[in-house]
Amino acid sequence: MADIVLPEYAPNVTPDLLEGPAGRPMSYWQLVGWRLRRDKVTLAAAGVILLIVSSAVLAPYLAPYDPFQGSIRLRLARIGSAGHLLGTDEQGRDMFTRLLYGGRMSLVAGVTPVFIALLTGSTLGIIAGYLGGRVNMLIMRLMDIFYAFPSVLLAIAISGALGAGLGNTIIALSIVFTPPITRLAESVTTQVRAWEFMEAARASGAGTLAIIRHQMIANVLGPIFVYATTLVSVSVIIASGLSFLGLGVSPPHAEWGLMLNTLRQSIYVNTWVPALPGVMIFLTSMAFNLLSDGLRDAMDVRL
Amino acid sequence: MDGMGKRGRGAVRRVLGAMGVGLLGLMLSWTAARAQSGRGGTLRIGMTAADIAYTAGQPDQGFEGFRFVGFPLYDALVRWDLSQGERLPDIVPGLAESWEVDPADVQRWLFKLRRGVKFHDGSDFNADAVIWNWDKIRNKDAPQYDVKQAGEIAFRIAVIKSYRKLDDYTVEFTTTRPSSFVPFQVVYVLYSSPAHWEKVGRNWQAFATNPSGTGPFKLTRLVPRERAEYEANMEYWDKNRVPKADKVILLPMPEVTTRLAALRTGQVDWIEVPPPDAIPTLRQAGFQIFLRSYPHVWPYSLNLKAAPWDNKLVRQAANYAIDREGLCKSLLNDTCTPATGIVYPGHPWFGHPKQTYSYDLKKAKDLMKQAGYDGKRVRTSFLISTSGSGQMLPLPMNEYVQENLREIGIDVDLLPIEWNTLTVWGRKGFVEEHAQTGALNISYNFVEPFSAFVRFFHSASVPPRSVNITGYINPEADRLIEAAEASFEAQVRDDTLGKLHEQLIDDAPWIFVVHDLNPRAMSPKVKGFVPPQSWFVDLSLPWVEK
Amino acid sequence: MWSYIVRRLLLGIPTLLGVTIIIFGLLHLAPGDPINAMLPPDAPQEVVQMIREQMGFNKPLPVQYWRWLKRVAVGDFGNSIATRRPVLSDLREALGNTFMLAISAACLGFTLGVGLGTTAAFAQGGWLDKVASATAIAGVSLPHYWVAILLIIIFSVELNWLPAMGIRSTSGATSAWDLAQHMILPTVALSLIPMGVIMRMTRSSVLEILSQEFVMTLRAKGLWSRTITRHVVKNAAPPVLTLMGLQFGYLLGGSVLVETVFSWPGSGFLLNLSIFQRDVPVLQGVILVLAAFFVILNLCVDILHSVIDPRIRRT
């Protein structure tokens with residue numbers, strides 16, 4: 001995964017009290033919230049994500065048809081056909097319904113691995129960074145091995161070995177994303193550990209536990225979290241890429257990558273319907289990218 | 001002219017007119033003749049394979065390997081006559097002029113070899129070459145033994161016990177039991193040049209890049225995963241089959257949309273398996289679409305040991321529940337025909353089955369009721385692939401069948417796996433973690449009686465011997481199979497196989513779905529191609545107009 | 001410095017070993033083995049068994065691995081199981097093809113990325129910035145294999161301007177112009193992600209410099225000189241350059257989807273094919289070479305970074 005972006009991170013001691021707008025003193029989180037509220041683009045991105053997620057969750061209530069029932073006679077109907085606003089797929093199933101349900105699979109396939117990698121990666125990385133020495137060497141060299149693989153290929157190899165299916169895709173992608181998160185976690189933990197921030201923070205007059213919690217969150221968990229959100233968009237794309245190759249979700253389930261796969265042969269009959277799942281992947285990925293950018297700016301995480 | 005007078009001028013005009021008509025007629029017939037018997041051009045073929053098959057002799061990639069590499073570059077003792085498509089191809093003489101069974105010992109076959117045949121490198125083809133090649137695939141101690149080629153062909157020639165040279169142009173084979181299937185087996189054994197193998201340093205890999213067979217084409221260039229270039233063998237021993245095209249270029253194109261784009265942009269002249277949905281637009285744009293029945297069937301091999309498939313009534317019900325016409329018309333754009341048996345109607349082995357397996361939901365539901373599933377839904381699972389040679393469009397087709405079966409109370413879980421992995425289970429059968437799986441979806445060929453029936457339905461064919469994975473044991477079927485094999489008269493054999501077929505349709509160890517029609521698309525400039533009722537084609541027939 | 005380099009290279013060896021062990025393990029975890037993939041689907045199990053024994057694939061895994069390792073140590077990567085051709089020659093050709101694509105996608109993507117990024121930084125907040133940023137985000141958010149298909153449909157099938165697949169003309173032409181034509185569409189599809197990533201990094205990097213007090217003052221006063229330009233470039237370049245190095249690694253390894261769509265005979269295509277065929281020698285060989293390349297690439301990037309940015313201490 002040398003291709004997954006992992007830049008140098010230089011943490012800074014975050015004061016307990018920051019200067020907010022108009023010189024008002026604010027706590028770190030208050031400032032983050034204030035910044036977010038003023039960032040229109042990030043808010044819009046968050047709104048889009050909320051829309052996509054909620055429509056996926058509420059799919060059974062919003063969908064006009066059953067995602068598995070189709071009428072072969074009506075296959076590949078155009079966008080705007082009677083009764084099928086977004087057309088039908090190659091089996092005659094309503095596209096709007098399939099896109100809604102597809103969102104469930106794609107989002108799960110996109111977010112879950114990152115979440116799992118976040119947990120395992122941070123744990124491994126923080127332990128490695130905190131303990132240093134042999135343990136650090138062992139963990140980091142192990143991660144190096146995975147890091148020497150291109151992410152797409154590693155995902156394909158693992159999926160090929162485990163077989164198709166949503167569960168195996170999630171496992172494969174979790175393995176793919178853990179090393180970069182581990183690396184980042186180790187890096188920030190090592191640097192934070194090296195400070196004498198206890199003295200520095202105490203000088204600003206705060207309690208020990210508060211200091212640790214504050215510094216840890218701001219300087220360790222913060223960057224890790226922001227980095228993880230950038231991985232979600234990559235994850236959505238790779239997950240759909242796996243389905244595209246036949247290694248991801250199995251039919252007849254709806255998943256955007258799988259739909260791209262099965263519809264691509266129909267591109268000569270009906271050009272726009274096969275493009276729809278691609279559009280959804282694009283929107284979701286883009287929204288997550290914008291959101292993570294906004295979070296990074298707001299949390300003043302210099303990644 | 002002046003001195004001719006009116007009558008004279010009229011006569012001249014008439015003569016000139018006659019000459020004109022004559023000339024026109026001559027031109028027309030000459031063009032027509034050219035259209036029928038032109039030659040030349042370079043034929044560029046976009047194949048579904050991801051790489052060029054093994055070129056050293058016995059090809060890999062199954063029948064696709066024979067189609068584009070094996071049979072063009074090499075010959076066998078006998079061959080399929082692929083010059084017509086109205087009926088099933090006959091087996092006709094190839095490198096053997098004639099063959100016969102010894103009337104005194106029906107396990108002994110004599111093949112008389114053709115004289116004057118030369119390999120591409122100029123060396124002679126004779127009985128020594130034949131024995132050398134059989135050693136190549138059978139004799140582990142021979143220096144020319146190639147384990148890869150041996151593996152590819154071993155099961156196809158299982159009935160041949162021994163081989164012996166009688167004289168320079170006569171070879172004798174003996175069989176393990178009396179079998180009329182011998183020509184169907186030796187048609188797959190190809191002959192590489194022993195002299196050339198010595199010349200390239202006794203190395204099969206070197207031979208593969210610079211091969212020498214007896215076939216109608218010579219390999220001039222091989223770029224792995226990219227292209228193979230053939231040129232016509234103008235000294236080919238069969239003067240009727242000297243290729244009409246000058247060159248053939250084979251291009252692997254596994255990605256279907258890429259293949260289609262390549263044809264439409266003129267990068268290739270011929271593609272295998274265009275996407276069915278694109279066929280109407282291809283026709284409109286003037287491309288030729290070829291469809292022909294061939295010995296292919298797309299079924300579900302049922303696990304006869306797992307419920308509900310252990311119940312014959314359920315199996316028949318499932319067969320009545322599938323809307324095959326709908327499937328072929330809608331999803332596959334008429335590139336398939338309904339399959340109500342292993343072979344298709346009109347085939348000599350079809351017989352007169354009692355069960356017709358038309359689309360009859362009422363009958364299907366009645367059968368389910370009789371089987372004891374009245375109102376009760378039953379769950380089962382099908383192991384399917386995401387792609388694969390002969391599998392057609394596995395995902396959409398399986399979803400379609402899933403829908404059909406749901407109507408009669410059978411809920412199917414589809415388990416898609418890689419094609420490669422599916423073939424593993426296709427060999428092992430319903431064991432280990434798939435002991436309770438309901439069916440496997442693998443397409444099969446029925447080129448000859450062994451591949452149509454023996455390997456699936458004889459009691460001795462259970463794995464690992466062969467691929468009777470359904471576990472179908474029926475003494476009557478065994479008897480019919482053995483009788484057919486021992487019968488050396490074609491008509492009697494076909495009738496026996498017909499009776500076997502009727503029995504199998506009734507017992508329904510498979511759910512029969514469709515027969516593929518082998519769709520191909522070609523540019524209008526390709527002439528002379530005849531789609532045969534076969535997995536193979538005769539590449540010496542077509543040529544490309546300028 | 002030299003001891004650091006040597007140490008890193010030595011550490012690379014266990015990494016490479018680890019890589020090969022993992023791939024070997026994954027391949028054998030996968031159901032189906034090379035023999036199964038090599039034989040026709042009709043072949044029964046007993047034939048598979050027989051061939052497996054003859055070719056030595058029934059030995060226990062560690063034994064097979066050790067034999068492979070011994071041969072690789074002397075430079076013999078063995079032969080492909082599927083094609084019998086030597087792995088090295090296939091590898092050389094495939095990697096060469098991917099390199100061609102990677103380099104041109106890198107040139108296109110990096111140039112566009114740096115250009116858009118600097119433009120956006122200088123026009124910060126304005127509409128130009130927004131457009132450039134949107135382009136970059138689109139680049140990293142689009143599924144590139146899908147874009148590849150769209151490009152084929154638009155430019156190849158509909159407009160017939162460019163060839164739809166392959167690396168050279170089907171009739172066998174070998175001119176440079178022919179090659180260039182075949183490279184255009186795959187290059188564009190592949191360059192989207194690097195373009196987006198580099199653009200964002202360039203933008204933020206340049207912005208950081210531009211937001212320095214004295215630079216802002218000079219800009220406000222309308223005083224700009226070559227010295228300042230040099231200052232900006234020298235300080236904004238390091239993170240961008242290191243990222244370029246990493247992205248080149250991505251282009252080499254992540255091209256599999258684009259190569260599949262275009263039937264481009266590169267290492268991604270080869271890898272996909274060999275995973276599918278369970279062709280162990282080919283897979284091991286390609287992965288090993290790619291991983292070795294990444295180890296060296298990572299090392300170069302790290303060295304470059306520490307040379308340019310002396311704040312980072314290397315212990």
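Visitor: Which residues does Leu222(B) touch, not counting residues up to four places away in sequence?
Guide: This is a predicted model: local features need pLDDT of at least 70, side-chain atom pairs count only at pLDDT 80 or more, and totals for chains, interfaces and linings use all residues. Residues are numbered from 1 along each chain as its sequence is written, while chains are lettered from A and ligands numbered from 1 in the order in which they are written. Contact means that two C-beta atoms, placed from the backbone, lie within 7 Å. On that basis, Leu222(B) touches Ile52(B), Thr55(B), Thr209(B) and Ala228(B).

Visitor: Which strand of chain B holds Leu222(B)?
Guide: Strands (E, at least two residues) and helices (H or I, at least four) are DSSP runs, numbered from the N terminus. Leu222(B) falls within residues 217-223 of chain B, strand β8.

Visitor: Which class fits Leu222(B): buried, exposed or partly exposed?
Guide: Buried takes 20 or more other C-beta atoms within 10 Å, exposed 12 or fewer, and partly exposed lies in between, with C-beta atoms placed from the backbone. Leu222(B) has 18, so its class is partly exposed.

Visitor: How many residues of α14(B) are buried?
Guide: Helix α14(B) spans residues 419-428. Trp419(B) and Trp425(B) are among its buried residues. Cover comes from chain B, including β15, β16 and β17, and from chain C, including α2, α3 and α12. The helix is mostly covered, its buried count being 8 of 10.

Visitor: Which residue just after α14(B) takes a positive phi?
Guide: The phi is about 95°. The residue is Gly429(B).

Visitor: What is the mutual orientation of α10(B) and α12(B)?
Guide: Axes are lines fitted to C-alpha atoms, for helices over the stretch in contact, and angles run from 0 to 180 degrees between N-to-C directions. Here the axes are 8 Å apart, at an angle of about 165°. Under 35 degrees is roughly parallel, over 145 roughly antiparallel, 65 to 115 roughly perpendicular, the rest oblique. The two helices are therefore roughly antiparallel.

Visitor: How many residues of chain A are in contact with chain C?
Guide: Chain C contributes 37 residues to this contact. Its α1 gives the largest share of that side, 8 residues. Chain A's number is 33.
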